[in-house]
Amino acid sequence: RMFHDDELEESEKFYVGQPRVLLLIYALYNTLVARSEMVCYFVIILNHMISASMITLVLPILIFLWAMLSVPRPSKRFWMTAIVYTEVAIVIKYFFQFGFFPWNKHVDYTKDKPYHPPNIIGIEKKEGYVHYDLVQLLALFFHRSILKCHGLWDEDEKGDSSSNKEDTDDELSLTGGRRDSSASLKSVNLAASVESIHVHFPEQQAAIRRKSSSSISQLSHRSSFSSHRSKRGKSIRIKDWCLCSPVKAVRVDLRSFKNINHTTLSLYFLQCKLCAIKSHCGLCCFRTLQVYMPIRQFFYNLIHPDYSAVTDVYVLMFLADTVDFIIIVFGFWAFGKHSAAADITSSLSEDQVPEAFLVMVLIQFGTMVVDRALYLKKTVMGKVIFQVILVFGIHFWMFFILPGVTERKFSQNTVAQLWYFVKCVYFGLSAYQIRCGYPTRVLGNFLTKSYNYVNLFLFQGFRLVPFLTELRAVMDWVWTDTTLSLSSWICVEDIYAHIFILKCWRESEKRYPQPRGQKKKKVVKYGMGGMIIVLLICIVWFPLLFMSLIKSVAGITNKPLDVSITITLGGYQPIFTMSAQQNQLKSLDPNEFNEFLRSYRGNTAALQFLEGYAREDITRADLEGNSNSLWTISPPSRKKMIQGLQDFEADFTLVISWTIQRTLEEVYPYYIKAPSDSLAKPIKQLLKGMSPDHGKQCMWENITVSLVKNASEEWWVLNQLGKRQKTPQESLELFIFSDKVSPPSLGFLAGYGIMGLYASVVLVIGKFVREFFSGISHSIMFEELPNVDRILKLCTDIFLVRETGELELEEDLYAKLIFLYRSPETMIKWTREKT
């Protein structure tokens with residue numbers, strides 16, 4: 001070995017010999033040290049999620065618009081800003097905890113008000129007001145110590161001091177890789193007096209540092225740099241004195257103006273004019289330029305970097321947006337007013353679309369479409385603008401508008417906190433994408449990078465999502481430079497998807513070869529075939545199984561709250577009206593229920609009906625025999641009704657509230673079934689059973705009807721003869737069998753019934769299954785391809801030449817692909833196994 005040290009070997013042996021728990025702790029600590037800046041970001045965001053105030057709002061915005069966009073890492077100025085700001089925030093919060101402030105005298109009344117000014121600012125009095133700020137300060141100091149240990153804390157200052165010693169002409173002669181046209185003014189350093197201005201162009205110093213520290217150096221830049229250095233010795237410095245002030249002057253190298261754009265020159269001469277004016281307005285403009293120019297130069301260098309480590313994190317951003325989309329769908333009630341107990345399934349089953357749900361879904365979907373457009377156009381400037389708008393818009397909406405809509409603080413809205421945290425992950429990935437730059441080529445779907453079962457099933461699942469494949473194809477065609485028409489584009493995408501699926505199957509056959517002449521293994525036959533058999537059986541019998549279990553297992557007992565009886569004789573005014581509520585509705589005890597079952601022991605139809613009901617599903621209603629309303633019939637109608645009752649040969653009907661007409665004998669339905677709908681029905685299986693009194697067959701119970709007169713008032717009294725609960729007073733007894741109802745979350749599916757489920761689920765799924773098993777003979781020439789590598793490479797070449805701008809070659813390759821699918825002989829030659 002080239003290097004040997006006994007102490008290092010002993011140290012390594014000692015480290016390896018430690019317990020695994022201790023090694024895990026070491027690994028976690030090393031991870032914490034390696035990603036200490038991510039720990040700081042996480043603590044700052046967590047502090048803002050819990051506090052949700054204007055004081056804690058500043059640092060998260062600075063993270064997404066400054067720290068994460070800095071190349072190669074956040075500067076010392078940012079960390080010092082975060083440390084000082086956290087310390088000042090702690091002092092401010094501590095100062096406003098004293099009780100002599102007016103808003104601290106009614107803390108219990110105002111602590112939950114989202115728009116109370118102290119709550120918005122973050123100076124309200126509360127327990128543990130500074131805990132998370134102290135943890136945040138501790139994380140910042142920890143990160144500062146890590147940077148100091150690695151010599152990165154003062155790196156920026158050393159770089160500035162060393163680069164200032166170099167010759168300015170070398171710095172001005174450099175041009176960046178993506179900054180081809182011009183350089184621009186980065187900062188304006190003003191002296192204490194307005195009378196002298198020194199204009200510097202130190203952005204090229206940053207270019208030198210980034211070039212020296214970057215691992216992606218390019219030879220073209222080195223040659224350009226050496227050529228400019230060779231020209232430096234021959235050039236003659238030409239100076240001009242621009243008399244902007246009678247006392248002082250500004251010295252400018254006119255040769256450097258060749259590398260400065262028109263905007264920078266305009267700003268420079270504007271500064272000269274303001275210097276000549278020497279007014280208060282000029283000072284204000286100078287101060288504004290001191291703030292504006294560094295910010296402008298920061299974003300300019302971000303959009304036009306000298307070097308870019310191209311990366312592609314669009315998939316991760318899309319997954320973060322998808323998670324946010326799912327949170328909105330299943331937790332939409334957290335973004336609306338008075339909807340804390342809402343359920344999206346019950347709302348949609350009632351054909352109601354909540355406004356909060358609709359707005360959130362449209363906004364989330366719109367941002368995903370815009371992000372896809374920026375990704376396809378590869379415009380970093382658009383992504384920067386979109387990032388700034390999203391950061392300010394999301395934070396303003398989440399912490400200033402949403403609390404007013406939901407009437408509760410953001411810190412009390414768990415779903416909104418989860419949505420915001422996932423959105424912060426998206427902001428971090430988006431900033432990383434901006435800092436590294438978009439990839440120069442976007443080739444195919446991210447799921448088609450490997451040829452295995454995982455990618456195969458994920459890709460097929462992706463294509464099964466309704467309208468997702470079509471929407472992606474149309475968006476790609478709109479925002480990608482191409483000469484193909486939309487139909488041709490979709491044709492290429494479909495061929496590529498089909499060839500990719502075939503490639504995955506061919507690769508799987510190579511990994512798990514099947515020798516010739518051997519039968520299939522039982523593991524494959526029973527594994528795949530058995531799974532398909534079970535799946536098909538479940539689909540066929542799903543409606544019956546679902547309707548059976550939804551009410552018997554997951555059903556909810558729906559006991560009646562009111563039982564009303566109304567009886568009318570011959571269409572005249574009702575003679576009896578009575579209702580039973582609360583304590584008049586009683587459940588059967590176990591002994592009564594067992595006795596009830598024994599009374600129908602010999603009746604098969606009744607026992608079959610009773611198997612579907614438990615004891616808690618039966619309710620006994622005790623209705624008082626005296627009508628609760630007076631009988632106010634007119635004398636002519638009364639006389640006519642008496643005549644009808646005295647005529648025994650004529651039919652005289654009895655009308656009950658559930659529209660069943662019977663004669664007075666055997667008229668009262670003893671048992672009523674209350675199904676899930678509103679129509680109550682008599683139970684014929686039980687009404688045909690044995691009478692508990694006299695043991696003979698009966699269909700209905702007999703009741704007595706008598707008219708009671710008291711002075712000028714009269715009312716009807718009804719009494720049931722065969723009652724199970726023997727009572728001396730006149731009364732009616734009624735047994736109600738309540739059907740279980742499906743849970744509210746599944747009511748929209750159970751409402752279709754068995755035939756509806758068969759028509760909407762089984763037949764639709766059966767159509768797709770039939771397409772898989774039939775029509776195979778028509779696609780043999782496109783399915784049975786032994787080797788698809790050449791066709792797959794042809795599709796990839798079409799994507800490649802499209803990204804490089806060779807649009808004529810794209811047309812030629814597309815014509816070649818179409819000819820290949822039109823010629824079976826050529827397809828056979830192209831798909832032969834390589835020899």
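Two residues are in contact when heavy atoms of theirs lie within 4.5 Å. Keep that in mind as you open this predicted model: among contacts in the protein chain between residues at least 6 apart in sequence, 72% join residues at least 24 apart.

**The whole chain**

Show the protein chain as a cartoon to begin. You will find 34 helices and 15 strands. Of its 835 residues, 39% are buried.

**Stop 1: helix H20**

Select residues 453–464, which make up helix H20. Its 12 residues should span 16 Å at 1.5 Å a residue, and the end C-alpha atoms are indeed 16 Å apart, so the two values agree. Now colour Asn455, Leu456, Phe459 and Phe462, the buried residues of this helix. They sit on the same side of H20, because they cover an arc of only 130 degrees around the axis. Turn to the face that points away from this buried side, and you meet the exposed residues Val454 and Leu464.

What covers the buried residues of H20? Show helix H21 (468–478) and helix H22 (486–511), which are included in that cover.

Next, go to the N-terminal end of H20 and select Asn452, which caps it. A side-chain oxygen of Asn452 lies 3.3 Å from the backbone nitrogen of Val454.

**Stop 2: rings on H20 and beyond**

Stay on H20 and show the side chains of Tyr453 and Phe457, four residues apart, about one turn of the helix. By the ring-pair rule, the model holds 31 aromatic pairs. Tyr453 and Phe457 form one that is stacked, with 6.0 Å centre to centre and 15 degrees between the planes. Are these two residues buried or exposed? Partly exposed means between 20% and 50% relative accessible area, so Tyr453 at 35% counts as partly exposed, and so does Phe457 at 48%.

From Tyr453, draw a distance to Glu507. The two are 54 residues apart along the chain, and their C-alpha atoms are separated by 9.4 Å. Glu507 belongs to helix H22 and, at 17% relative accessibility, counts as buried.

For a group of rings, select Tyr94, Phe95, Phe96, Phe98, Phe100 and Phe101, which ring pairs link into a cluster.

**Stop 3: lysines over rings**

Select Lys503 and Tyr451: the lysine lies over the face of the tyrosine, at 5.6 Å from the ring centre. Then move to Lys423, which lies over the face of Tyr426, at 4.8 Å from the ring centre.

Lys423 also leads you to Asp324. Leaving out residues up to four places away in sequence, Asp324 touches Gln364, Trp419, Val422 and Lys423. Asp324 is in helix H15 (residues 314–330) and is buried, with a relative accessible area of 0%.

**Stop 4: strand E15**

Select residues 731–738, strand E15, and pick out Ile736 within it. Is Ile736 buried or exposed? Buried means under 20% relative accessible area, so Ile736, at 5%, is buried. Show what is around it: setting aside neighbours within four places in sequence, Ile736 is in contact with Pro560, Val563, Asp617, Ile618, Thr619, Ala621, Ile672 and Ala674. Add Leu585 to the view as well. Ile736 and Leu585 are 151 residues apart in sequence, while their C-alpha atoms are 9.5 Å apart in space.

**Stop 5: loops with backbone details**

Select Ala52, in the loop between helix H3 (36–51) and H4. Ala52 has a positive phi of about 55 degrees although it is not a glycine, and at 16% relative accessibility it counts as buried.

Continue to Pro72, in the loop between helix H4 (54–67) and helix H5 (76–95). The peptide bond that joins Val71 to Pro72 is cis, with omega near 0 degrees.

Then select Lys378, in the loop between helix H17 (355–377) and helix H18 (380–406). Lys378 is not a glycine either, and its phi is positive, at about 55 degrees. Lys378 is partly exposed, with a relative accessible area of 25%.

**Last stop: Ser823**

Finish at Ser823, in the loop between helix H33 (807–822) and helix H34 (824–830). Ser823 is buried, with a relative accessible area of 12%. Which residue does its side chain meet in a polar contact of 2.8 Å? Show Thr826: the contact joins the side chains of Ser823 and Thr826.

Definitions and conventions:
Residues are numbered from 1 along each chain as its sequence is written. This is a predicted model: local features need pLDDT of at least 70, side-chain atom pairs count only at pLDDT 80 or more; totals for chains, interfaces and linings use all residues. Side-chain values use heavy atoms; hydrogens and water are left out. Helices (H or I, at least four residues) and strands (E, at least two) are DSSP runs, numbered from the N terminus. Buried means under 20% relative accessible area, exposed over 50%, partly exposed in between (1.4 Å probe, protein chains only). Rings of Phe, Tyr and Trp (its six-membered ring) pair if their centres lie within 6.5 Å; planes under 30 degrees apart count as stacked, over 60 as edge-to-face and the rest as tilted. A charge sits over a ring if NZ of Lys or CZ of Arg is within 6 Å of the ring centre and within 35 degrees of the ring normal. The expected span of a helix is 1.5 Å times one less than its number of residues. The arc is that of the directions from the helix axis to the C-beta atoms. A polar contact is a pair of N or O atoms within 3.5 Å; within protein, one must be able to donate a hydrogen and the other to accept it, and residues adjacent in sequence count only if both atoms are side-chain atoms.
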